[in-house]
Amino acid sequence: QVQLVESGGGLVQPGGSLRLSCAASGSIASPYAMGWYRQAPGKQRELVALATGSGNTNYADSVKGRFTISRDNPKNTVYLQMNSLKPEDTAVYYCNAQRRLADATILQYWGQGTQVTVSS
């Protein structure tokens, strides 16, 4: 079984910062990529940031320059440093891990989510 557990969410004021953490355990065995998605009420789940095992990173345009994703590969852990938070960043943030099989098939795993609320 593969488990992803997020932590670090909470309530912050606009302009504040949070750091999210997600640790993957189980049979995932060195994920091809790990990252973060988010879903606001009434909205589709969207990519926030993604980091591959090779060190490449991708960010949503809305968070570029404010959020930073990083990985600790030996620990199968991914972090999201969120600075200059805005009310529109309010959402449930979901950890995502992707496993690339030998035939290039990608399997995806999801955490249960952690709430981030940005409000004054």
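This section describes the disulfide, the aromatic contacts and one strand hairpin of a predicted model.

The structure contains one disulfide. In general terms, a disulfide is a covalent bond between the sulfur atoms of two cysteines. Here the bond is formed by C22 and C95, whose sulfur atoms lie 2.0 Å apart. The angle about the S-S bond is -85°, and the link between C22 and C95 is left-handed. The two cysteines belong to distant parts of the chain: C22 is found in strand β3, which covers residues 18–26, and C95 in strand β9, which covers residues 91–100, with a separation of 73 residues. Both ends of the link can also be described by their accessibility. C22 has a relative accessibility of 1% and therefore counts as buried, given that the limit for a buried residue is under 20%. C95 is likewise buried, since its relative accessible area is 0%.

One aromatic pair is present in the structure. It consists of Y37 and W110, whose ring centres are 4.9 Å apart. Because the ring planes of Y37 and W110 meet at 70°, and an angle over 60 degrees counts as edge-to-face, the pair is assigned to the edge-to-face class. This contact, too, links distant parts of the chain, as Y37 lies in strand β4 (residues 33–39) and W110 in strand β10 (residues 106–110), 73 residues apart. The two partners fall into separate accessibility classes: Y37 is buried, at 15% relative accessibility, whereas W110 is partly exposed, at 34%.

The ring of W110 also has a charged neighbour. R45 is placed over the face of W110, at 4.7 Å from the ring centre. R45 lies over the face of Y94 as well, at a distance of 3.7 Å from that ring centre.

A further feature is the hairpin formed by strands β7 and β8, which have four residues between them. Strand β7 comprises residues 67–72, and strand β8 comprises residues 77–82. The two strands run antiparallel and are joined by six bridges. Within this arrangement, T68 stands opposite Q81 of β8. In the turn, N76 has a positive phi of about 50°. The two faces of β7 are not alike in their surroundings: F67, I69 and R71 make up the covered face, while T68, S70 and D72 make up the uncovered one. T68, the residue opposite Q81, thus belongs to the uncovered face of β7.

Methods
Residues are numbered from 1 along each chain as its sequence is written. This is a predicted model: local features need pLDDT of at least 70, side-chain atom pairs count only at pLDDT 80 or more; totals for chains, interfaces and linings use all residues. Side-chain values use heavy atoms; hydrogens and water are left out. Rings of Phe, Tyr and Trp (its six-membered ring) pair if their centres lie within 6.5 Å; planes under 30 degrees apart count as stacked, over 60 as edge-to-face and the rest as tilted. Buried means under 20% relative accessible area, exposed over 50%, partly exposed in between (1.4 Å probe, protein chains only). A charge sits over a ring if NZ of Lys or CZ of Arg is within 6 Å of the ring centre and within 35 degrees of the ring normal. Two strands pair if DSSP finds at least two bridges between them. A disulfide is a pair of cysteine sulfur atoms within 2.5 Å.
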